[in-house]
Amino acid sequence: MGFYDVFKTWSQSLIDQRLNAVGPEDVRRVLSKTRLDEWDYLTLLSPSARAFLEPMAGRAHRQTVAQFGRVMVLFTPMYVSNYCENQCMYCGFNATNRIARKHLTFDEIEIEARRIAETGLKHILILTGESRTHASMDYLKGCVAILSRYFTSIAIEIYPMETEAYRELNQVGVDAVTVYQETYNEALYDRLHVKGPKKNYRFRIDTPERALKARMRSVNIGALLGLDRPDRESFYTGIHAAYLQKQYPDAEISVSFPRMRPHAGSFEPDHPVDDITLVQSILALRLYMPRAGITISTREDERFRNHILPLGVTRMSAGSTTVVGGHTQEDQNTGQFEISDERSVADMARFLETSGYQPVYKDWQALGQMDHECV
């Protein structure tokens with residue numbers, strides 16, 4: 001039994017019925033508990049819970065400090081290819097979009113890696129469009145071989161792979177996988193993914209578990225908020241994360257809350273997500289999953305990220321670009337989406353320090369890397 005079987009037990013009608021039935025007393029009851037179950041989590045995502053955001057925020061802050069301390073792990077994305085075989089209506093890399101396509105050579109990757117490493121960062125996230133031709137296993141291994149000389153943690157956000165492929169990448173230095181389900185609404189998913197391998201809903205929803213079976217240290221999941229109702233998407237994401245945490249207790253399970261941003265193409269989301277809704281989603285997850293990592297990227301603007309800092313977040317990107325080669329090359333091609341917070345790593349670190357937080361550039365290192373550094 002995998003997560004898809006769990007997912008099917010929570011119909012949209014069941015979720016909607018519960019969300020509409022929740023009253024203030026139900027929220028108070030949940031906030032009086034020390035450990036929350038799925039129904040409690042759903043209660044905190046309800047319209048009635050909006051009146052309780054302040055006590056939710058206080059508890060989220062206390063739980064986060066108790067579990068993680070006053071630290072923030074910093075990382076940056078590195079786009080190495082934007083070729084894609086999918087036709088996803090909401091994505092700037094859609095194979096039908098007439099954008100400049102680029103694929104970094106290994107020499108260019110070395111230059112990008114050196115520039116990023118100069119900022120002090122030790123966590124890197126490799127991103128590609130979903131093209132197995134342009135981001136083959138050999139190419140990915142070559143990227144990792146270069147990046148391993150500069151970074152202690154290498155994560156990938158690429159096309160879903162089989163367990164054995166993840167195992168191969170783990171053995172050469174990849175320790176984390178980010179994969180977004182985009183939307184948990186199976187019918188909507190089918191409509192939004194017009195053509196391409198990404199159209200396979202079941203294969204994608206099982207991806208995080210395949211990565212964990214391959215001994216990846218960390219998995220980060222999320223839904224692209226704006227495609228469907230955010231309360232339902234947040235609920236499904238949360239119970240997915242909780243399932244993974246229970247099945248793989250030694251792994252680090254994290255959740256991201258990406259909102260739709262402007263991108264190449266004409267797609268407009270049917271369910272725009274305002275700041276209050278996003279804050280509620282983050283707080284509810286933190287109270288439901290005290291040990292989960294929570295990531296807020298530069299999709300969000302500086303003002304929002306400044307204010308969300310004490311409310312449960314544990315990881316933030318900095319010095320970001322969604323352009324292939326964007327850290328060093330001036331001939332900028334089209335990015336996957338527009339960045340909202342353009343602060344450098346140094347700027348972000350200064351903000352964290354003045355806010356009473358410690359910016360962390362490295363929070364994990366493989367034993368083999370430590371032995372190598374000590375030689």
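**Helix 7 and helix 8**

I looked up where helix 7 meets helix 8 in this predicted model. Met 137, Leu 140, Lys 141 and Val 144 of helix 7 touch Ala 165, Glu 168, Leu 169 and Val 172 of helix 8. Contact here means heavy atoms within 4.5 Å. I took helices as DSSP runs (H or I, at least four residues), with strands (E, at least two) treated likewise, numbered from the N terminus.

By class, I noted six nonpolar, no polar and two charged residues in this contact. Ala, Val, Leu, Ile, Met, Phe, Trp, Tyr, Cys and Pro count as nonpolar; Asp, Glu, Lys and Arg count as charged; the others, Gly among them, count as polar.

Then I checked the geometry. Helix 7 spans residues 137–147 and helix 8 residues 163–172; their axes lie 10 Å apart at an angle of about 25°. Axes are lines fitted to C-alpha atoms, for helices over the stretch in contact, and angles run from 0 to 180 degrees between N-to-C directions. The two helices are therefore roughly parallel to each other. The cut-offs: under 35 degrees is roughly parallel, over 145 roughly antiparallel, 65 to 115 roughly perpendicular, and the rest oblique. Helix 7 passes helix 8 in a right-handed crossing. Right-handed means that the near helix is turned clockwise from the far one by less than a right angle; anticlockwise is left-handed.

Ground rules for the entries: residues are numbered from 1 along each chain as its sequence is written, and side-chain values use heavy atoms, without hydrogens and water. Local features need pLDDT of at least 70 and side-chain atom pairs count only at pLDDT 80 or more, while totals for chains, interfaces and linings use all residues.

**Helix 5 and helix 13**

Next I turned to helix 5 and helix 13, whose axes come within 9 Å and cross at roughly 50°. They are therefore oblique to each other. This crossing is left-handed. Helix 5 brings Leu 53, Met 56, Ala 57, Arg 59, Ala 60, Gln 63, Thr 64 and Phe 68, and helix 13 brings Ile 276, Gln 280, Leu 283, Ala 284, Arg 286 and Leu 287. I noted nine nonpolar, three polar and two charged residues.

**Helix 2 and helix 12**

Helix 2 (residues 12–21) and helix 12 (residues 230–247) have axes within 11 Å of each other, crossing at roughly 110°. I therefore logged the pair as roughly perpendicular. The crossing is right-handed. Gln 12, Ile 15, Asp 16 and Leu 19 of helix 2 contact Asp 231, Arg 232, Phe 235 and Tyr 236 of helix 12. The split is four nonpolar, one polar and three charged.

**Pocket and cavities**

I then searched for empty space on a 1 Å grid over the protein atoms alone. A cavity is a set of points where a 1.4 Å probe fits but cannot get out; a pocket is an open set with protein on both sides within 12 Å along at least five of seven lines; lining residues have an atom within 4 Å of a point. Grid points are joined across faces, edges and corners, and a volume is the space filled by probe spheres set on the points.

The largest pocket holds about 510 Å³. Its lining has 18 residues, with Leu 36, Ala 242, Gln 245, Tyr 288 and Met 289 nearest the centre. Helix 12 gives the most, six residues. The lining counts ten nonpolar, three polar and five charged.

I found three cavities of 30 Å³ or more. The second largest has a volume of about 40 Å³. Its lining residues include His 61, Thr 64, Leu 309 and Tyr 357. Helix 5 (residues 53–68) supplies the largest share, three residues. I recorded six nonpolar, four polar and no charged residues there.
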